[in-house]
Amino acid sequence: MFSFIRLILVLFLASIAMPNASAVYMAKRSQDWAYVPICDGFDFPVGKPNGDGYYRSRGLRLKSPRHLGEDWNGNAGGDSDLGDPIYSIGHGVVTYAADARGAWGGVVIVRHAFRDPKSGKVLCCQSLYGHLKDIDVILGQLVLRGTKVGTMGNNRGMYPAHLHAELHFNVDVNCGQQGIAKTAQNYGDLTSFIKRFRRLPLERKMARVPIGSFLPYKGTDGL
Ligand SMILES: [Zn+2]
């Protein structure tokens, strides 16, 4: 029996025993699903947990000129935020962790399960963290809200350092975005989402999220 309590206990004890070591816990999974703790809310991906010290320099825009996520910068500007920690917005499983090169640089995608307070249903979504300098998680790893997934980068000097973060309601969205409609059904406004679901009841339960739907992107593959 894979219990939520045991998972949290193990993660908690490990953080006390090895504060400077990054212990890695893999999600239990099959070909089609992975077990994740149901989210107890969502935090900002920078300036843990409230986004303090950072600002959103660019938001979601589904129409041309498109921007399928939002950009976050440190208040001090330029590359002062290069190497700053980037955190998972909620509990989940890492479904992509690779240098996607091109306009992307390092990319991490985390898939989440959360209970929609309105419908009472457990829904699935994913968060994407792009232009990362370092990637600190591996494919299939379980992360919690606030787990460091990488560091802020500038994609080999292509941009001033910033985080490009996306929210996907369609978990088939990969870096390639092959065949995915650029609609509000598939892409969400990350900041609105975080504010709306900032705190959710602690359920102490695991839920299955689907995996195995990503198309390979430029030789990099996800779960
Ligand atoms: Zn961007």
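These legends accompany several close-up views of a predicted model.

**View 1. The whole chain, with its two helices and 12 strands.**
Welcome to the overview, a good place to get your bearings. Reading from the N terminus, the elements follow the order α-β-β-β-β-β-β-β-β-β-β-β-α-β. Along the principal axes, the C-alpha atoms occupy a box of roughly 45 × 40 × 35 Å. The radius of gyration is 16 Å, which agrees with the value near 17 Å for a compact globule of 223 residues. Of those 223 residues, 40% count as buried. Take contacts between residues at least 6 apart in sequence: 68% of them link residues at least 24 apart.

**View 2. The hairpin of β5 and β6.**
Here we zoom in on strand β5, residues 92–99, which runs antiparallel to β6 and is joined to it by six bridges. One pair to look for is Ala98, which stands opposite Val107 in β6. The two strands make a hairpin with six residues between them. Within that turn you will find Arg101, whose phi is positive at about 50°, and this is a residue other than glycine. Is Arg101 buried or exposed? Arg101 counts as partly exposed, because it has 16 C-beta neighbours inside 10 Å, whereas a buried residue needs 20 or more.

**View 3. The hairpin of β6 and β7.**
Following the chain onward, strand β6 (residues 106–115) meets β7 in an antiparallel pairing of nine bridges. Two of the facing pairs make handy landmarks. Phe114 stands opposite Leu123 in β7, and His112 has Cys125 of β7 as its bridge partner. This hairpin, too, has six residues between its strands, and Gly120 in the turn carries a positive phi of about 80°. Both strands are mostly covered: nine of the 10 residues of β6 are buried, as are eight of the 11 residues of β7.

**View 4. Strand β7 and its partner β10.**
Strand β7 covers residues 122–132, and besides its pairing with β6 it is joined by five bridges to β10. That strand, residues 163–168, runs antiparallel to β7. Which residue of β10 is the bridge partner of Ser127? It is Leu167. A general point may help when you trace side chains in this view: in a regular strand they alternate between the two faces of the sheet.

**View 5. The largest nonpolar core, a set of 53 residues.**
The members that touch the most others are Val36, Ile86, Val93, Val107, Val108, Tyr129 and Val149. Strand β6 supplies the largest share of this core, with six residues. Val107 has already appeared in these legends, as the residue opposite Ala98. For a closer look, centre the view on Val149. Leaving aside residues up to four places away in sequence, Val149 touches Ile86, Tyr87, Ser88, Val108, Val110, Tyr129, Asp136, Val137 and Val143. Ile86, Val108 and Tyr129 thus appear among the contacts of Val149, and they are also listed with the core members that touch the most others.

**View 6. Two cis peptide bonds before proline.**
This view turns to the loops around β2. The bond from Lys48 to Pro49 is cis, with omega near -5°, and Pro49 is placed in the loop between β1 (33–37) and β2 (54–58). Further along the chain, the bond from Ser64 to Pro65 is also cis, with omega near -5°. Pro65 belongs to the loop between β2 and β3, the latter being residues 70–74.

**View 7. Arg204, a residue with positive phi that is not a glycine.**
Our last stop is the loop between α2 (190–196) and β12 (206–210), where Arg204 is found. The phi of Arg204 is about 55°. With 13 other C-beta atoms within 10 Å, Arg204 is partly exposed. It is worth viewing beside Arg101, which lies in the loop between β5 and β6 and has a phi near 50°.

Methods:
Residues numbered from 1 in each chain as written. Predicted model: local features only at pLDDT ≥ 70, side-chain atom pairs only at ≥ 80, totals over all residues. Buried ≥ 20, exposed ≤ 12 C-beta atoms within 10 Å, placed from the backbone. Helix = DSSP H or I, 4+ residues; strand = E, 2+ residues; numbered from the N terminus. Pairing = 2+ DSSP bridges. Rg over C-alpha atoms; globule rule 2.2 N^0.38 Å. Contact = placed C-beta atoms within 7 Å. Core = buried A, V, L, I, M, F, W, Y, C linked by C-beta atoms within 7 Å.
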